[in-house]
Amino acid sequence: MNYLDALENESIYIIREAYNQIKDIALLWSIGKDSTTLLWLIRKAFYGNIPFPIVHIDTGYKFKEIYQYRDIYAKKWRLNLIVYKNELAIEKGVCPEKGKLECCTELKTNALREIVDKNNYKALYLGIRRDEHGIRAKERYFSVRNKDFVWNYKGQAPELWGQYRTQTIKGEHIRVHPLLGWTELDIWKYIYREQIPIVDLYLAKEGKRYRSIGCETCCQPINSEACTVEKIIEELKTTKISERSGRAQDKEKDYMMQKLRTLGYM
């Protein structure tokens with residue numbers, strides 16, 4: 001068994017353990033490389049028949065390629081897809097131009113809060129990794145958010161010998177992170193091995209590609225000639241550029257990201 005097999009096995013164990021212990025659960029699918037890899041693993045864990053909803057929090061500012069990919073593969077993979085927007089915030093004119101912190105809080109975090117409350121989810125799968133951002137390195141595989149959606153990153157339970165916290169009190173929910181121990185390079189090697197379809201924004205065109213995708217207003221491409229997954233893998237072996245360097249910097253600074261995540265941001 002190679003290390004990709006070991007990562008896959010660990011992630012599938014966490015996926016099944018979460019569902020076994022917490023039935024009211026859903027996957028947050030951003031349609032990026034990580035959450036799509038997680039979706040692929042979940043499909044494997046349940047032999048192609050996912051027994052819970054797939055939630056896409058739609059800000060209205062995603063790349064058109066993301067929407068196209070979502071609609072194609074939600075149908076192809078027979079997903080129970082829930083698309084949710086914070087319509088009230090949108091009606092009030094919340095947008096990136098008026099401040100990215102408020103925009104992320106209203107259109108992502110508060111939209112997520114609404115769908116969690118509406119559907120009474122006790123847990124959510126997320127495709128985050130420790131190496132992606134310094135603040136995410138503080139996470140656990142099973143991470144509790146309280147009734148106010150607040151993450152107490154200083155008071156998390158230890159995770160020893162494969163034992164995870166799966167019990168909550170009223171109003172709490174758990175974020176489950178099966179990819180926490182993966183790296184960006186691991187993700188791309190797994191995508192290559194499994195031949196997972198991806199949004200083509202990740203592939204270079206005319207010397208530019210996106211290394212991280214989300215809202216179009218908050219993402220910038222990097223210089224790159226990596227026009228295939230194999231070339232992305234080779235590029236990542238030598239690059240010194242941060243994975244999220246193309247994201248809006250006013251929300252990527254450590255303090256700002258920690259504040260966002262403490263409030264419930266993905």
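Setting aside neighbours within four places in sequence, Glu 65 is in contact with Val 199, Asp 200 and Leu 201. That's one spot in what is a predicted model, and here's a quick tour of a few others. We'll go from two glutamates to a helix with a buried side, then on to the empty spaces, where the structure turns out to hold two cavities of 30 Å³ or more as well as a largest pocket of about 210 Å³.

**Two glutamates**

- Glu 65 sits in helix 3, which covers residues 64-76.
- Besides those contacts with Val 199, Asp 200 and Leu 201, the side chain of Glu 65 has a polar contact with a partner right beside it in the chain: the side chain of Lys 64, at 3.3 Å.
- Glu 87 belongs to helix 4, made up of residues 87-91.
- With a relative accessible area of 43%, Glu 87 counts as partly exposed, because that category runs from 20% to 50%.
- Glu 87 and Ala 111 are 24 residues apart along the chain, and their C-alpha atoms are separated by 8.6 Å.

**Helix 7 and what it packs on**

- Helix 7 takes in residues 229-236, and its Val 229, Ile 232, Ile 233 and Leu 236 are buried.
- Those four span an arc of only 100° around the axis, so they end up on the same side of helix 7.
- The spacing fits the usual rule: an α-helix has 3.6 residues a turn, so residues three or four places apart point the same way.
- As for what lies against them, the buried residues of helix 7 pack against helix 6 (184-194) and strand 7 (208-209).

**The largest pocket**

- The largest pocket holds about 210 Å³ of space.
- Its lining comes to 17 residues, and the ones nearest the centre are Val 144, Gly 155, Gln 156, Ala 157 and Arg 165.
- By character, the lining of the largest pocket is a mix: seven nonpolar, five polar and five charged residues.

**The second largest cavity**

- About 40 Å³ of space lies in the second largest cavity.
- Four cysteines are part of its lining, namely Cys 103, Cys 104, Cys 215 and Cys 218, along with Thr 59, Leu 107 and Lys 108.
- Sorted by type, the lining of the second largest cavity has five nonpolar residues, one polar and one charged; the cysteines are in the nonpolar group because Cys counts as nonpolar here.

Conventions. Residues numbered from 1 in each chain as written. Predicted model: local features only at pLDDT ≥ 70, side-chain atom pairs only at ≥ 80, totals over all residues. Heavy atoms only, no water. 1 Å grid on protein atoms, 1.4 Å probe; cavity = no way out; pocket = protein on both sides within 12 Å on 5 of 7 lines; lining within 4 Å. Points joined across faces, edges and corners; volume = space filled by probe spheres on them. Buried < 20%, exposed > 50% of the residue type's maximum accessible area, 1.4 Å probe, protein only. Arc of directions from axis to C-beta. Contact = heavy atoms within 4.5 Å. Polar contact = N/O pair within 3.5 Å; in protein donor to acceptor, adjacent residues only side chain to side chain.
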